[in-house]
Amino acid sequence: MKKDIENNPTQAQSSETPDWLLDLDKVGFIRRIFLARKWYGGDWWFVAISAVLLLFIIIVGVFPQWFAPYDPSAEVGPSLLEPGVAPSSYVLVAPIEAGEITLVDIGDKSNNIGFIIGSPASQALREATDTLNDAAPEGVRYQPRQMRYETLAEGLDALAAGEIDGFVAAPDVLENVLDGYPTLRIANTLREDASKGFVMGTNQIGQDVFSRIIWGTRIALIVGLSSAIVSLVIGVPLGLISGFTGGPLDRILTLIMDSLYSFPGLILAISIAAVLGAGIGNIIVSIAVLYIPTYYRIVRGQTLAVKKELYVEAARSLGTSKLKILTKYIFPNVIPSVVIIFSVNVGDAILTEAGLSFLGFGLPPNTPDWGIDLARGQDYVRRAWWLITYPGLMVTMVTLSFSMLGESLSEILNPKLTER
Amino acid sequence: MSNSLRRYLITRVLMTIPMVLILVTIIFFIMRVLPGDPIRSQLGPRVSEEQADALRERLGLNRPLIIQYVDFIGDMLTFDFGTALTQGERPIKDELGERLPATIELTIPAITLTAIIGIFTGAYAAKNRKKPIDYIIRLLSIILSSIPIFFMGLVFQILVSVRVPIFPLSGRMDTLMLTTFESPTNFYVVDALITRNWPALWSAIMHLILPSVTLGLALSGVFVRLTRVNMIEMLQSDFITAGRARGIAENKLVFKHALRNTFIPILTLLGLQFAILLAGAVLTETTFSLPGVGRYLVDRIQLRDYTAVQSTIAVFAMFVAAISLLMDILYAFVDPRIRY
């Protein structure tokens, strides 16, 4: 079945040259592209749209620092903050009799500071303490004892009763409640209201999701392009030589390539990635192995078909060297297919890389990588949708652009090509 | 059976053997270069070197590589795979026997969904080739195959099991129900059906819907395009032109005459999807915490359990080879032009 398709030379085109084709010869490169639009219809638009998308993706991948507002691996905000929501301010509540106190006054080990359990208040307190410690002179260390309360009332009661020395809460929840406690007042602002939030929220350790996916573009492009180039550089010559020389070498190579091709790619990649260990070079190698057979099969099939053409026969009878026949007469015929496979391959490679990272066989942890972010976000699927949605959409968009380019190019250049 | 058909079948079957062998060999040697050590991962770092050596000796890991290899190939031929190196050293046959049903229960509905979506949408797109609907279908199919399977699964989880709790988040059955549910074959749906345990059946089916829809949709992206290309070729053939000339309705031509004739090549292509299906099952099982073969493989690779991993991969390879063999034979029977 597959052999059938590969060996069939392209069906004879209609003998009359259509007008649009004649037009194409008379005009320049740019006009030619626009004229071709009429003929290729939707496919032309597919190519155009994916080209624009790819241009954008490549710019983002090459210059992530232009787009990313924060360092992708720095903790820049409170954890699990919803997209667009500014981190709210937190204030320190203290008894009136204590006077004008700040965290410095009660940041001691002998002092207790309360907050509601599980609320971002704990983080605000930690941040404020860290800032104090950074500014503190050598040997001085602020480390208030943290007391956790189930409800606001419980905490304020404890504060009013003198069990704790301060309580951290957001001002908006305190507004009316504090009137019920005549002995308490807001003593100090612990953290200012941030003017703006994070476009795509923050993850569980307070990293900016947006910056991470921007920097992730670079990783995805590096892995996708390099692994595709490696498979191309190995697969194409192998296919050319195998198809051209034939014989036992061809048979053995075909058998090996067919076995690799028929096997679930991701599983093979997992095994190889597990052998090589984490690291970007290793990931590139393990993904590259998967796609060598794809190049090999297509190139070999086309070489077999072209080998029998008259002009190759003629070149051979004129005594042209084998190397020259291979490079000058046969190779140009496989270029269009190789371009198509390359484009689809890059998209697929990015998808596979995300899968590998998701399963934990990918890059070192904390790399700004979409697959890693998706894997980490899976644990928070119940309460933080933004952790997985944005990296997932990025993988989809980049893969989509490359596949769309490849698919429509194949429809335009080589309508008979059905292999993936 | 004609002579040439017999020759074709024999050649085809013989070609399957080196294919499986090559894969298994590659995996065997890949696993042996792994930097990790199954003995260490099982015993922990505090056990003395003597004890580790003793275990190594008992499990046969201290023998020369080539003898281990011959032994392993021998095991493969008898379908006995030996015992796992980690996690209780149970026979791999049993371990796979427990997990294979989960994978099969996941993949059968998935591939059915893929076939239904793929064939009809693909045929419809082929019928309307170069019209807007064709481009829309193609665009959607490319989008579907560009979405990472696990991402699709996670989005479904967020939408219809966290936001609107219709489907359970993960697992094969409600944990509470599992304590009383007995499943001798490990096919939960089948066992629940046989014992007429309706709540269990309902629970098992509900747990299956999200994973199999995810897997099926992800696969159908590629499959729609394959069907479309095949149908376009078929619609250009002479008998369709003849039918058109006789005034047969276009719909009848496409969905009856052409589709019937493309059915076998499409079925073959579906067989080729099997490899992608298995890879997808690994991701789906991880996303939905299904205790299937794919999850097992990933877990055991992390534990560096040589025997378990190479046996599981061998089983995968045999599956893929068997399916593609079956499809080719089927095709050879139907299409007399296919011969060596």
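## A charge over a ring

In chain B, Arg172(B) places its charged end over the ring of Tyr188(B), 3.8 Å from the ring centre. The model is predicted. Chain A has a similar arrangement: the charged end of Arg297(A) sits over the ring of Tyr261(A), at 3.9 Å from its centre.

## Chain A in outline

Chain A holds 17 helices and five strands. Of its 420 residues, 51% count as buried. Take the contacts in chain A between residues at least 6 apart in sequence: 78% of these join residues at least 24 apart.

## A bent helix

Helix α15 of chain A covers residues 322-359. How far would a straight helix of 38 residues span? At 1.5 Å a residue, the figure is 56 Å. Between its end C-alpha atoms, α15(A) spans only 47 Å.

The helix has a kink of about 50° at Phe331(A). The proline Pro332(A) comes shortly after that point. Beyond the end of α15(A) comes Gly360(A). The phi of Gly360(A) is positive, near 90°.

## Aromatic pairs

Over all chains, the count of aromatic pairs is 13. One of them joins Tyr149(A) and Phe167(A). Their centres are 6.3 Å apart and the planes meet at 50°, a tilted pair. Tyr149(A) belongs to strand β3 (residues 145-149) of chain A, and Phe167(A) to strand β4 (residues 166-169). The two residues are 18 apart, so this pair links distant parts of the chain. Are these rings buried or exposed? Tyr149(A) has 10% relative accessibility and therefore counts as buried. Phe167(A) is buried as well, at a relative accessible area of 0%.

In chain B, the rings of Phe28(B) and Phe72(B) have centres 5.7 Å apart. Their planes lie at 20°, so this pair is stacked. Phe28(B) sits in helix α1 (residues 3-32) of chain B. Phe72(B) sits in helix α4 (residues 65-77) of chain B. The pair links distant parts of the chain, 44 residues apart. Both Phe28(B) and Phe72(B) are buried.

Ring pairs also build a cluster in chain A. Its members are Trp385(A), Trp386(A) and Tyr390(A).

## A buried serine

Ser401(A) is part of helix α17 (residues 386-413) of chain A. Its relative accessible area is 0%, so Ser401(A) is buried. Which backbone oxygen lies 2.7 Å from a polar atom of its side chain? That of Met397(A).

Leaving out residues up to four places away in sequence, Ser401(A) touches Ser50(A), Leu53(A), Leu54(A) and Ile57(A).

## A partly exposed isoleucine

Ile222(A) lies in helix α10 (residues 209-245) of chain A. Its relative accessible area is 37%, so Ile222(A) counts as partly exposed. With residues up to four places away in sequence left out, Ile222(A) touches Ser227(A), Ile280(A) and Ile284(A).

How far apart are Ile222(A) and Gly362(A) in space? They are 14 Å apart, C-alpha to C-alpha. In sequence, 140 residues separate Ile222(A) and Gly362(A).

Key: Residues are numbered from 1 along each chain as its sequence is written. Chains are lettered from A and ligands numbered from 1 in the order in which they are written. This is a predicted model: local features need pLDDT of at least 70, side-chain atom pairs count only at pLDDT 80 or more; totals for chains, interfaces and linings use all residues. Side-chain values use heavy atoms; hydrogens and water are left out. Helices (H or I, at least four residues) and strands (E, at least two) are DSSP runs, numbered from the N terminus. The expected span of a helix is 1.5 Å times one less than its number of residues. The bend at a residue is the angle between axes fitted to the seven residues ending there and the seven starting there. Rings of Phe, Tyr and Trp (its six-membered ring) pair if their centres lie within 6.5 Å; planes under 30 degrees apart count as stacked, over 60 as edge-to-face and the rest as tilted. Buried means under 20% relative accessible area, exposed over 50%, partly exposed in between (1.4 Å probe, protein chains only). A charge sits over a ring if NZ of Lys or CZ of Arg is within 6 Å of the ring centre and within 35 degrees of the ring normal. A polar contact is a pair of N or O atoms within 3.5 Å; within protein, one must be able to donate a hydrogen and the other to accept it, and residues adjacent in sequence count only if both atoms are side-chain atoms. Contact means heavy atoms within 4.5 Å.
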